[in-house]
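Colleague: I should like to learn how to read a structural model, one feature at a time. Could we work through an example together?

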Amino acid sequence: MLKKPKVILINAGDTQKIYQSLNQQFTAIEPPSLAALFATYLRNNACEVQIIDAPAENLSPAMVADRIVEDAMPTLIVLVVYGFQPSASTQNMSAAGEIAKAIKNLSHDYHIMMTGTHPAALPLQTMQEEDIDFVCDREGPQTILRTVLALTNKNPCFRDIKSLWYRLDEEIIGNEAEQLLDDLDTAMPHGAWDLLPMECYRAHNWHCFEHIEQRQPYVSLHTSLGCPYKCSFCCINAPFGQSSYRMWSPEVVIKDIDNLVRNYGIKNIKFVDEMFVLNKRHVLGICDLLINRGYNLNIWAYARVDTIKDEFLDKLKKAGFRWLALGIESGSKHVRDGVEKGRFNSQEILQRVKKIKEAGINVIGNYIFGLPDDNYESMQETLDLAIEANCEFANFYSAMAYPGSKLYTQAKLRNWPLPNSWIGYSQHSYECTPLPTEYLTAAEVLNFRDKAFKSYFSNDRYLHFIQTKFGEKVKEHVKNMCALDLPRRLLVKEMVT
């Protein structure tokens with residue numbers, strides 16, 4: 001009997017560098033849902049698969065390398081460089097590069113591939129800069145499998161493997177693009193949860209405001225891939241090559257949830273879809289099946305102000321959706337128009353937030369400071385809108401030109417300053433370096449963002465609201481979070497100057 005080819009999938013990341021002190025108790029520890037899906041695809045195609053989750057197990061690059069050499073030589077090692085919010089792949093590249101280097105330092109016989117949003121956006125640069133053999137410039141599973149099969153041959157040939165970048169002598173070759181998987185239900189119907197350290201994962205703090213001491217067990221899973229929208233600051237469609245939206249059937253999704261509830265005791269679930277609340281048949285189909293199951297779940301998912309329909313709300317609540325995350329982005333319609341997200345005004349945003357709250361679902365508002373048309377006045381409009389909306393939680397981001405986004409292309413064409421390291425794309429890191437605007441420096445944008453965070457979470461109206469709704473313990477938890485100061489290189493530099 002022929003031995004199965006072996007693939008090791010590695011989830012790279014350094015939560016201490018990415019989140020600084022927030023990582024101790026406030027941030028989530030998330031399972032690598034795409035790596036888990038890829039593992040199922042590879043298993044279904046007669047491969048042996050192992051997943052190493054470096055951040056969940058707190059493994060340094062050297063420890064990851066040591067774990068790999070403990071076993072027989074794998075056919076292929078794949079660094080799956082995705083993030084746990086739609087644009088967070090790039091911040092994991094520093095850790096991914098260090099892991100690749102540590103493995104190659106042990107032996108250059110290891111074959112290493114990188115796949116994910118960032119490598120798909122910058123395949124040539126990734127091949128040039130990283131100590132790796134291959135890059136996949138689309139979503140991954142088919143290219144990984146065909147590369148593995150090629151490597152089982154004595155003289156492997158890579159020229160016909162679509163979406164593969166590789167070296168031929170001294171030349172870097174990029175093959176034509178692979179088609180996207182068109183039958184997700186069959187190709188990868190669920191994550192390979194048995195390959196992950198499920199006991200290590202922890203929900204976001206706000207996700208469990210209704211039971212703050214019960215953040216484990218936790219899982220994040222996909223019910224769809226891609227997004228049909230084209231927001232200029234977003235890079236999530238880089239691995240798909242275009243705006244797209246593919247769904248698993250509700251029946252396949254519920255079967256996966258059945259397994260997670262019954263065999264792993266899961267209650268806290270994140271639907272990691274770039275946009276879950278979109279397709280009526282998909283949303284209500286999943287809701288109906290969840291309602292029939294009667295599970296006591298705590299689910300959160302992404303939505304848009306213009307995709308939340310009144311007819312969805314009752315079923316979402318009954319199905320266990322306790323939180324919806326809204327991409328509000330800016331309080332200025334002019335600024336929203338500039339990033340192709342201007343279909344609604346501030347009053348419509350406030351009305352939609354109110355409707356969701358009245359349905360008994362918590363809201364997390366996502367806001368961005370430093371979009372291209374922003375100045376101090378428009379950023380203050382955004383903060384004022386956030387305070388008026390008074391969502392149960394809020395994320396405040398600085399605008400970043402993520403590789404794969406239209407904003408990145410614009411920044412390169414106009415020679416706008418970008419972070420000098422990949423970790424500089426992390427919103428909460430010491431190295432965080434946002435885009436400047438026409439009116440503001442990067443340091444001014446970051447300083448406003450950090451002060452806005454403090455202003456929102458120390459606001460008396462917000463704290464009273466949180467205490468009344470979730471209790472004194474959650475209020476104190478929020479105050480402890482707000483008391484943390486994140487050191488920032490840009491702001492220290494400004495103070496010195």
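Modeller: The discussion below takes up cavities, strands, salt bridges and a pocket in turn. Please keep in mind that this is a predicted model.

Colleague: Let us begin with internal space. How many cavities of 30 Å³ or more does the structure hold?

Modeller: Rolling a probe the size of a water molecule over the atoms shows where empty space is left. In this structure there are 4 cavities of 30 Å³ or more. The largest cavity has a volume of about 650 Å³.

Colleague: Which residues lie nearest the centre of the largest cavity?

Modeller: They are Tyr 19, Thr 27, Ala 28, His 204 and His 428, and the lining as a whole comprises 43 residues. By class, the lining of the largest cavity divides into 23 nonpolar, 15 polar and 5 charged residues.

Colleague: Which helices and strands each supply at least two residues of that lining?

Modeller: Helix H1 (15-19), strands E12 (298-303), E14 (362-369) and E15 (393-398), and helix H16 (442-457) each do so. The largest share, 5 residues, comes from E15.

Colleague: I should like to look at E14 next. Why is it described as largely enclosed by the rest of the structure?

Modeller: A residue counts as buried when its relative accessible area is under 20%. In E14, 8 of the 8 residues are buried, so the strand is largely enclosed by the rest of the structure. Asn 362, Ile 364, Asn 366 and Ile 368 point one way from E14, while Val 363, Gly 365, Tyr 367 and Phe 369 point the other way. Residues on both sides are buried.

Colleague: Which strands pair with E14?

Modeller: Strand E13 (residues 321-329) runs parallel to E14 and is joined to it by 6 bridges; in this pairing, Leu 326 stands opposite Gly 365. E15 also pairs with E14 in the parallel sense, over 6 bridges, with Ile 368 opposite Tyr 397. The unit made by E14, helix H14 (residues 376-389) and E15 is a right-handed β-α-β unit.

Colleague: What other right-handed β-α-β unit can I examine, one that includes E11?

Modeller: E11, H10 and E12 make such a unit. Strand E11 (residues 268-271) has Asn 268 and Lys 270 pointing one way and Ile 269 and Phe 271 pointing the other, and all are buried. E11 is joined to E12 by 4 bridges, and the two run parallel; Phe 271 has Ala 301 in E12 as its bridge partner. Strand E8 (residues 218-221) pairs with E11 in the parallel sense, again through 4 bridges, and Val 219 is partnered by Ile 269.

Colleague: Let us turn to charged side chains. How many salt bridges does the structure hold?

Modeller: A salt bridge requires a side-chain nitrogen of Lys or Arg within 4 Å of a carboxyl oxygen of Asp or Glu. The structure holds 24 salt bridges. One of them links Lys 280 and Glu 311, whose closest N and O atoms are 3.0 Å apart. Lys 280 lies in helix H10 (residues 280-293) and Glu 311 in helix H11 (residues 310-319), so the pair ties together parts that are 31 residues apart in sequence. Lys 280 counts as partly exposed, at 45% relative accessibility, and Glu 311 likewise counts as partly exposed, at 46%.

Colleague: Which residues do salt bridges with shared partners join into one network?

Modeller: Consider Arg 352 and Asp 310, which meet in a salt bridge of 2.8 Å, N to O. Arg 352 lies in helix H13 (residues 346-358) and Asp 310 in helix H11, so this pair ties together parts that are 42 residues apart in sequence. Arg 352 counts as buried at 17% relative accessibility, whereas Asp 310 is partly exposed at 43%. Lys 355 also meets Asp 310 in a salt bridge, at 3.4 Å, N to O. Asp 310, Arg 352 and Lys 355 are thereby joined into one network.

Colleague: Finally, what lines the second largest pocket?

Modeller: The second largest pocket has a volume of about 210 Å³. Its lining has 14 residues, and those nearest its centre are Asp 450, Lys 454, Leu 484, Asp 485 and Leu 486. H16 gives the most to this lining, with 6 residues. By class, the lining of the second largest pocket has 6 nonpolar, 2 polar and 6 charged residues.

Technical notes: Residues numbered from 1 in each chain as written. Predicted model: local features only at pLDDT ≥ 70, side-chain atom pairs only at ≥ 80, totals over all residues. Heavy atoms only, no water. 1 Å grid on protein atoms, 1.4 Å probe; cavity = no way out; pocket = protein on both sides within 12 Å on 5 of 7 lines; lining within 4 Å. Points joined across faces, edges and corners; volume = space filled by probe spheres on them. Nonpolar A, V, L, I, M, F, W, Y, C, P; charged D, E, K, R; others polar. Buried < 20%, exposed > 50% of the residue type's maximum accessible area, 1.4 Å probe, protein only. Pairing = 2+ DSSP bridges. Right-handed = clockwise from strand over helix to strand, strands pointing away.
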